[in-house]
Amino acid sequence: MIGVIDEVHPVLSLARLSHEIAHLPRRRRERDFVKIADELWLPAGVVQDFETLSVAYSRLYPRGVLTGWSAAMLHGISPPDDAVPELSVGPHGRVRDGLRIRRYEVPDQAVNVVRGVRVTAMRWTAFDLARFNDHVYGVLAVEEFYRRGVTRASMQETVAYMAGTWGVARARRVLADADPRSESPRETETRLFLKEAGYTNFLPQVEVRDLGYRLDLADPELKIAVEYDGPHHDDPIQQSKDRRRRNRLQAAGWIVIVVDRRLFRHQRDEILQQVAAAYLVRRAAA
């Protein structure tokens with residue numbers, strides 16, 4: 001893929017293979033470097049975070065390709081806290097502690113070079129995350145790629161091309177739930193939670209044109225909205241704006257249910273009770 005030439009990732013020059021430092025006296029080598037895998041060393045003092053380790057491991061496999069969250073990270077997407085560095089090495093590859101090996105070949109057209117590191121292209125990365133992660137993580141990952149310009153049509157094309165490979169059925173289910181309109185991970189988690197509970201009519205980012213608002217999640221036919229309030233809604237000025245917004249929505253006939261992190265993590269039953277009550281009100285009115 002031809003693209004803008006960017007700077008080479010500094011870890012590529014910091015990481016050392018054993019033969020590259022074999023000339024150093026053993027004591028100096030063990031003082032100045034930390035062994036992170038067989039034949040792979042990093043300078044002492046370098047923070048061994050997910051990005052550093054992912055790029056360093058790529059030095060062990062010159063023809064390897066960073067995949068999964070490792071590739072997503074170099075495409076600008078933050079990995080979850082429990083992400084493990086991941087490389088595709090073809091049909092054969094030695095197992096190493098701390099590194100997830102994928103034994104399949106990545107087609108040349110699906111390989112990008114980002115900051116000097118070979119990574120799977122955005123569509124392939126999204127497909128891998130969809131098929132190798134649990135459903136919610138997969139949906140969140142695909143939606144992050146949508147926000148960076150990957151289209152739903154191109155993802156469907158990739159899934160169709162990969163028909164018959166491991167995990168493609170899971171990837172199809174992820175694509176069915178991943179919505180390009182979603183604007184935040186918490187909004188998506190709430191939507192998937194409601195869908196699993198049987199409330200399938202909530203759409204993301206529904207416009208209320210006469211008021212000039214967009215609702216996080218809404219059943220536009222029955223005028224029921226679920227809004228997720230993140231930390232910035234704790235600001236007093238924002239709270240005043242929120243009250244005015246919700247008063248105007250209620251005056252226009254909307255039922256508005258507000259969800260925050262504490263409710264979503266610890267009181268999900270209460271959220272479902274409020275949603276159920278809203279639907280009872282609408283059915284009674286009908």
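**View 1. In this predicted model, the charged end of Arg 268 sits over the ring of Phe 264.** The distance to the ring centre is 4.0 Å. A comparable arrangement involves Arg 131, whose charged end sits over the ring of Tyr 104, 5.3 Å from its centre.

**View 2. Trp 69 and its surroundings in the largest nonpolar core.** This core has 55 residues, of which Leu 40, Tyr 57, Trp 69 and Leu 74 touch the most other members. Leaving aside residues up to four places away in sequence, the contacts of Trp 69 include Phe 50, Ile 77, Pro 80 and Leu 129. Apart from the largest core lies another, of 16 residues, among them Phe 193, Phe 264, Ile 271 and Ala 278.

**View 3. Phe 132 and Trp 166 form a stacked aromatic pair.** Five aromatic pairs are found in the whole structure. In this one, the ring centres are 5.5 Å apart and the planes lie at 20°. Phe 132 belongs to helix α5 and Trp 166 to the loop between α7 and α8, so the pair ties together parts 34 residues apart in sequence. Phe 132 is partly exposed, at 23% relative accessibility, whereas Trp 166 is exposed, at 55%.

**View 4. Tyr 199, Phe 202 and Tyr 279 form one aromatic cluster.** Within this cluster, Tyr 199 and Tyr 279 are stacked, 5.5 Å centre to centre with 20° between the planes. Tyr 199 is buried at 19% relative accessibility, and Tyr 279 is buried at 5%.

**View 5. Strands β7 and β8 form a hairpin.** The two strands run antiparallel and are joined by four bridges. Val 111 stands opposite Thr 120 in β8. Two residues lie between the strands, and Arg 115 takes a positive phi near 55°.

Key. Residues are numbered from 1 along each chain as its sequence is written. This is a predicted model: local features need pLDDT of at least 70, side-chain atom pairs count only at pLDDT 80 or more; totals for chains, interfaces and linings use all residues. Side-chain values use heavy atoms; hydrogens and water are left out. Two strands pair if DSSP finds at least two bridges between them. A nonpolar core is a set of buried Ala, Val, Leu, Ile, Met, Phe, Trp, Tyr and Cys residues joined through side-chain atoms within 4.5 Å. Buried means under 20% relative accessible area, exposed over 50%, partly exposed in between (1.4 Å probe, protein chains only). Contact means heavy atoms within 4.5 Å. Rings of Phe, Tyr and Trp (its six-membered ring) pair if their centres lie within 6.5 Å; planes under 30 degrees apart count as stacked, over 60 as edge-to-face and the rest as tilted. A charge sits over a ring if NZ of Lys or CZ of Arg is within 6 Å of the ring centre and within 35 degrees of the ring normal.
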